[in-house]
Amino acid sequence: MALRQESLTEHASGAGAPVSDRQAEEAFRTIIRWIGEDPGRDGLNETPRRLLKAYREYFAGYDEDPAQVLRKTFTEVDGYDEIIVLRGVTFESHCEHHIAPIIGRAWVGYLPDRRVVGISKLARVVEIFSKRLQIQERLTAQIANTIDEALKPRGVAVVIKAAHHCMISRGVHKRGADLVTSRMLGVFRDQPATRSEFLSLVNSDSHE
Ligand SMILES: [Zn+2]
């Protein structure tokens with residue numbers, strides 16, 4: 001018991017009072033009991049600890065700042081004035097309504113104006129925002145807005161196609177339905193030709 005008391009202040013997190021690993025494990029144990037299971041039986045004994053580790057991975061995006069990732073930009077673009085597109089990068093996120101997986105792909109494009117970044121940095125921005133509790137609309141907007149603010153490009157385009165497990169394994173039980181969201185800024189919003197160029201890349205990429 002003394003040990004339990006001691007570990008209550010191990011980790012700070014989120015808003016409000018800090019929650020220790022021990023408290024989080026205890027909460028998972030309570031849910032297992034609520035399901036009607038015995039959290040003490042062999043197969044489940046280590047499950048709260050495993051869940052804790054899994055959650056740490058699912059929500060690693062709270063510890064990182066996507067704007068920081070885009071800090072290192074290159075300014076020698078040598079007059080490059082074509083769109084740059086990261087195509088169909090995969091991601092896993094969790095919906096904030098059911099903490100159910102959102103599994104999808106993102107297409108991220110921008111038309112640079114002086115500043116460019118390594119393409120892997122765009123993938124990192126997708127990764128960081130997806131490792132948080134999300135709704136797909138906000139995930140899409142956050143990726144676009146962060147790139148827009150960091151690179152001040154002539155335009156940014158983000159399309160996300162994803163399957164929501166809260167629709168597959170519960171609720172309406174619909175398999176194979178993707179939710180598509182997009183955010184178009186700058187030239188991608190104002191110039192139909194630029195938008196079409198990006199969207200044709202997105203559509204030619206889709207493997208259904
Ligand atoms: Zn959901």
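**Exercise 1. Confidence and overall build**

What is the mean pLDDT of the chain, and what percentage of its residues reach 70 or more? Then find the stretch at the start of the chain that calls for caution, and describe the chain as a whole.

*Solution.* Begin by noting that this is a predicted model, so that confidence, given as pLDDT for each residue, has to be read before any detail. The mean pLDDT of the chain is 89, and 91% of its residues reach 70 or more. Next, look at residues 1–12, where pLDDT stays under 50 and where the model has 16 contacts beyond four places in sequence. Where pLDDT is low, the predicted coordinates should not be read in detail.

Now turn to the whole chain, whose secondary structure comes to 10 helices and five strands. Its C-alpha atoms fill a box of roughly 65 × 40 × 25 Å along the principal axes, and buried residues make up 39% of the 208 residues. Finally, among contacts with a separation of 6 or more, 67% are between residues 24 or more positions apart.

**Exercise 2. The zinc ion**

Which residues are the protein donors of the zinc ion, and which atoms do they use? Classify Cys95 as buried or exposed, and then do the classification for His98.

*Solution.* The donors are Cys95 through SG, His98 through ND1 and Cys166 through SG, and they lie 2.2 to 2.3 Å from the zinc ion. Written along the sequence, the spacing of these donor residues is C-x2-H-x67-C. For the classification, recall that buried means under 20% relative accessible area and exposed means over 50%, with partly exposed in between. Cys95 has a relative accessible area of 4%, and therefore it is buried. His98 has a value of 37%, so it is partly exposed.

**Exercise 3. Helix α2 against helix α4**

How do the axes of α2 and α4 cross, and how close do they come? Which residues of the two helices meet?

*Solution.* Start with the geometry: the axis of α2 and that of α4, which covers residues 47–58, come within 9 Å and cross at roughly 115°, and the crossing is right-handed. Then list the partners, where α2 brings Asp21, Ala24, Glu25, Phe28, Arg29 and Ile32, while α4 brings Thr47, Pro48, Arg49, Leu51, Leu52, Tyr55 and Arg56. Sorted by character, the residues of this contact divide into seven nonpolar, one polar and five charged.

As a last step, take Glu25 in helix α2 as an example. Leaving out residues up to four places away in sequence, Glu25 touches Pro48, Arg49 and Leu52. Because its relative accessibility is 8%, Glu25 counts as buried.

**Exercise 4. Residues in loops**

Where do Gly79 and Ala17 lie, and which value of phi does Ile99 have?

*Solution.* Gly79 is in the loop between α5 (66–69) and β1 (84–95), and with a relative accessible area of 61% it is exposed. Ala17 belongs to the loop between α1 (2–6) and α2 (21–35), and it counts as exposed at 58% relative accessibility.

Ile99 sits in the loop between β1 and β2 (101–111), where its phi is near 50°, a positive value in a residue other than glycine. At 37% relative accessibility, Ile99 counts as partly exposed. Lys152, in the loop between α7 (136–151) and β4 (155–164), likewise has a positive phi, near 45°, and is a residue other than glycine.

Key:
Residues are numbered from 1 along each chain as its sequence is written. This is a predicted model: local features need pLDDT of at least 70, side-chain atom pairs count only at pLDDT 80 or more; totals for chains, interfaces and linings use all residues. Side-chain values use heavy atoms; hydrogens and water are left out. Helices (H or I, at least four residues) and strands (E, at least two) are DSSP runs, numbered from the N terminus. Buried means under 20% relative accessible area, exposed over 50%, partly exposed in between (1.4 Å probe, protein chains only). Donors are N, O and S atoms within 2.8 Å of the metal (3.2 Å for Na, K and Ca); water is not among the atoms, so sites may look incomplete. Axes are lines fitted to C-alpha atoms, for helices over the stretch in contact, and angles run from 0 to 180 degrees between N-to-C directions. A crossing is left-handed if the near helix is turned anticlockwise from the far one by less than a right angle, and right-handed if clockwise. Contact means heavy atoms within 4.5 Å. Ala, Val, Leu, Ile, Met, Phe, Trp, Tyr, Cys and Pro count as nonpolar, Asp, Glu, Lys and Arg as charged, and the others, Gly among them, as polar. pLDDT is the predictor's confidence in each residue, from 0 to 100.
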